[in-house]
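Okay, thanks for coming, everyone. Let me put the structure up, and then I'll walk you through a few spots in it.

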Amino acid sequence: MALGKEFGSFSFKITSVSYEADGSTRVNVDGDADGFGPVLGTLTFRGEPAATTGTIEWRGEAFPDNGEVVVGSGEGSWEALGRHQWRSRAGIRVSGGRIFGSDGIVDVPKRTYSGKNIEWT
């Protein structure tokens, strides 16, 4: 599969963070995504202590205007960008079978997670 053109963006506020016994960090978000409407989700970061790269996992739900609930999940990787920012890249599968790419930035000082969604063909 190849990545195609961008089809929308997302903009989430970080609502909470938890540090799990297995060493992972869970970041809960709330916001909006083009084509999906309101979204609630959790991005889980995994990596060794003081790592600059690792893996991520996404789990969430979207609530579009048509009244449906769209469930999404995916996996990918993260990398440190610099001062308290991390880039995430993941493949996301949503209910109904659609798969797309997600490319985002977690910005801790701003308490945001935002980015773009990309067609996956």
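Let's start at Arg 59, which is partly exposed, with a relative accessible area of 40%. What does the side chain of Arg 59 meet in a salt bridge? That would be Glu 57, at 3.1 Å from N to O. Glu 57 itself comes in at 19% relative accessibility, so we call it buried, the cut-off being under 20%. And this pair has company: Arg 46, Glu 57 and Arg 59 are linked in a network of salt bridges.

Before I go on, one caution: what you're looking at is a predicted model.

Back to the charges. How many salt bridges does the structure hold? Six. Let me show you a couple of others. Arg 98 forms one with Glu 119, and the closest N and O atoms there are 3.1 Å apart. That pair links distant parts of the chain: Arg 98 sits in the loop between S6 and S7, Glu 119 is in strand S8, and they're 21 residues apart. Both ends are partly exposed, Arg 98 with a relative accessible area of 35% and Glu 119 at 24%.

Then there's Arg 26 with Glu 20, whose side chains meet in a salt bridge at 3.6 Å, N to O. Arg 26 counts as partly exposed at 30% relative accessibility, and Glu 20 does too, at 29%.

Okay, on to the empty space. There's one cavity of 30 Å³ or more, and about 250 Å³ of space lies in it. Which residues are closest to its centre? Of the 22 that line it, those are Phe 12, Val 39, Trp 58, Ile 92 and Phe 100. If you want to trace the walls, S1, S3, S4, S5, strand S6 (85–94), strand S7 (99–107) and strand S8 (112–120) each supply at least two residues. S4 gives the most, with five. As for character, the lining divides into 16 nonpolar residues, five polar and one charged.

Now the largest pocket. Its volume is about 510 Å³, and it's lined by 22 residues. Tyr 19, Thr 25, Phe 45, Trp 78 and Trp 86 lie nearest the centre of that pocket. Here the strands that each put in at least two residues are S1 (3–19), S2 (25–33), S3 (37–46) and S5. Which strand gives the most to this lining? S1, with five residues. The pocket lining splits into 13 nonpolar, six polar and three charged residues.

Let's move to the surface. Leu 40, Phe 63, Val 69 and Val 71 form a nonpolar patch there, with about 310 Å² of accessible area together. Look at Phe 63 in particular: you'll find it in the loop between strand S4 (53–62) and strand S5 (70–82). Phe 63 is partly exposed, at 32% relative accessibility.

Pro 64 is in the loop between S4 and S5 as well. Is Pro 64 buried or exposed? It counts as buried, because its relative accessibility is 18%. Pro 64 and Phe 36 are 28 residues apart in sequence, yet their C-alpha atoms are 5.1 Å apart in space.

For a contrast, take Ala 51, in the loop between S3 and S4. Ala 51 and Gly 8 are 43 residues apart along the chain, and their C-alpha atoms are separated by 30 Å. Ala 51 is partly exposed, with a relative accessible area of 28%.

Last stop is the backbone. Most residues other than glycine have a negative phi. So which way do our two oddities go? Ala 50 has a positive phi of about 65°, although it is not a glycine. Ala 50 is found in the loop between S3 and S4, and it counts as exposed, because its relative accessibility is 81%.

The other one is Arg 111, where phi is near 60°, again positive in a residue other than glycine. You'll see Arg 111 in the loop between S7 and S8. At 48% relative accessibility, Arg 111 counts as partly exposed.

That's my tour. Shout if you'd like me to go back to any of these spots.

Definitions and conventions. Residues numbered from 1 in each chain as written. Predicted model: local features only at pLDDT ≥ 70, side-chain atom pairs only at ≥ 80, totals over all residues. Heavy atoms only, no water. Patch = residues over 30% accessible without salt bridge, like charges linked within 9 Å, V, L, I, M, F, W, Y side chains within 5 Å. Areas by Shrake-Rupley, 256 points an atom, 1.4 Å probe, with all protein chains shown as cover. Salt bridge = Lys/Arg side-chain N within 4 Å of Asp/Glu carboxyl O. Helix = DSSP H or I, 4+ residues; strand = E, 2+ residues; numbered from the N terminus. Buried < 20%, exposed > 50% of the residue type's maximum accessible area, 1.4 Å probe, protein only. 1 Å grid on protein atoms, 1.4 Å probe; cavity = no way out; pocket = protein on both sides within 12 Å on 5 of 7 lines; lining within 4 Å. Points joined across faces, edges and corners; volume = space filled by probe spheres on them. Nonpolar A, V, L, I, M, F, W, Y, C, P; charged D, E, K, R; others polar.
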